[in-house]
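Please examine the sequence and the three-dimensional structure shown here. The paragraphs that follow lead through selected parts of it.

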Amino acid sequence: MLEVTGLTKTYKQKSVVKNVSMYLNNGETVGLLGPNGAGKSTAINMIASLLMPTKGDVLLNGKSIMKNPADLRNILGVVPQEIALYEELSAEENLTFFARIHGLKKAELHERVNDVLDLIGLSDRRKDIVKTYSGGMKRRLNIGVALLHNPKLIIMDEPTVGIDPQSRNYILEAVKKLNEEKGITVLYTSHYMEEVEFLCDRIYIMDHGEIIASGTTEELKGILSSENTLVVKLERSSEEMVEELKNRADISSVKVKDTELTLIAPKNVNLFSLVIALSEKWQVAITSIELKNPTLEDVFLHLTGRVLRD
């Protein structure tokens, strides 16, 4: 359905998106995963025909959208990272306004506004002024605006940033429902591993403006099939122990969170013996050790040397 080829955006000789290529099949949910500042939003703006690339192209069913952006815009819904609503208006008034921009009229407009309010769970708050809404409700209405014209493709740029867990779960379930029941193709950007793992058929991992890995969740986890992940909880933190672990050439990565260490190393490295020996050397008691299967977070750490939310 959509093919991105060699997409590049340069500002003042600095490339913020570098030779990005990806594709979306009809009816897929595809994740674009990366930390803040990875270039996701810039890439999304180019894919949505809102920003011209320095190089590269985006093809919709084989035709360049740079030459014919209307072909894409007629079937596209965009959920921006920032809330794009009129806060002095009600939910119903916001949806009516944007529906008219899409050219909907009379009975069709009324029907679509009602359907969208039902879908985003705001029918009972339709007359309330948006500025009285919680952050999660505003996010849901933001999504509703993108659904008014029955798009075939939706681009969602970090739609759950800064909201409560209940609203977040509601949004995730709504996105899944749109994809599975209505067959809408979704491009979903996030820096939450669990979201893309729950929603997406395939995932692209982006860092420093580049796609550094892609595949299904299991294919990405397979990158670490020859390595072990060990989670160690210490009685207290030890900078000396952490520093020694980080300096070892046979350990792929070391992630530290308070008194918890996550270590990734080839399977031929005896992590258990090493950790116990170092804990004795630096006189740090171990409260637990767990060998676990690799996660997407582990893959990202392995590929980039930093945790996703850095």
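Is P165 buried or exposed? The model under examination is predicted. P165 counts as exposed because its relative accessibility is 59%, and a residue is called exposed when this value is over 50%. P165 belongs to helix α6, which comprises residues 165–182. Although P165 and G136 are 29 residues apart along the chain, a distance of 8.9 Å separates their C-alpha atoms.

A second part of the surface involves Y86. This residue is located in the loop between β6 (76–79) and α3 (91–101). With a relative accessible area of 44%, Y86 is partly exposed, since that category lies between the limits of 20% for buried and 50% for exposed residues. Together with F97 and I101, Y86 forms a nonpolar patch on the surface, and the three residues have about 310 Å² of accessible area together.

Helix α10, which spans residues 271–281, shows how buried and exposed positions may be arranged around a helix axis. The buried residues in α10 are L271, L274, V275, L278 and S279. They lie on the same side of α10 because they cover an arc of only 130° around the axis. An α-helix has 3.6 residues a turn, so residues three or four places apart point the same way. The buried residues of α10 pack against two strands, β11 (227–234) and β13 (260–266), as well as against α9 (239–246) and the strand β14 (286–292). On the face turned away from this buried side, α10 carries the exposed residues E280 and K281. After α10 comes Q283, which has a positive phi near 55°.

Note on methods
Residues are numbered from 1 along each chain as its sequence is written. This is a predicted model: local features need pLDDT of at least 70, side-chain atom pairs count only at pLDDT 80 or more; totals for chains, interfaces and linings use all residues. Side-chain values use heavy atoms; hydrogens and water are left out. Patches are made of residues with over 30% relative accessible area and no salt bridge: like charges are joined within 9 Å, nonpolar side chains (Val, Leu, Ile, Met, Phe, Trp, Tyr) within 5 Å. Accessible areas come from the Shrake-Rupley method with a 1.4 Å probe; for residues, only the protein chains shown count as cover. A salt bridge is a side-chain nitrogen of Lys or Arg within 4 Å of a carboxyl oxygen of Asp or Glu. Helices (H or I, at least four residues) and strands (E, at least two) are DSSP runs, numbered from the N terminus. Buried means under 20% relative accessible area, exposed over 50%, partly exposed in between (1.4 Å probe, protein chains only). The arc is that of the directions from the helix axis to the C-beta atoms. Contact means heavy atoms within 4.5 Å.
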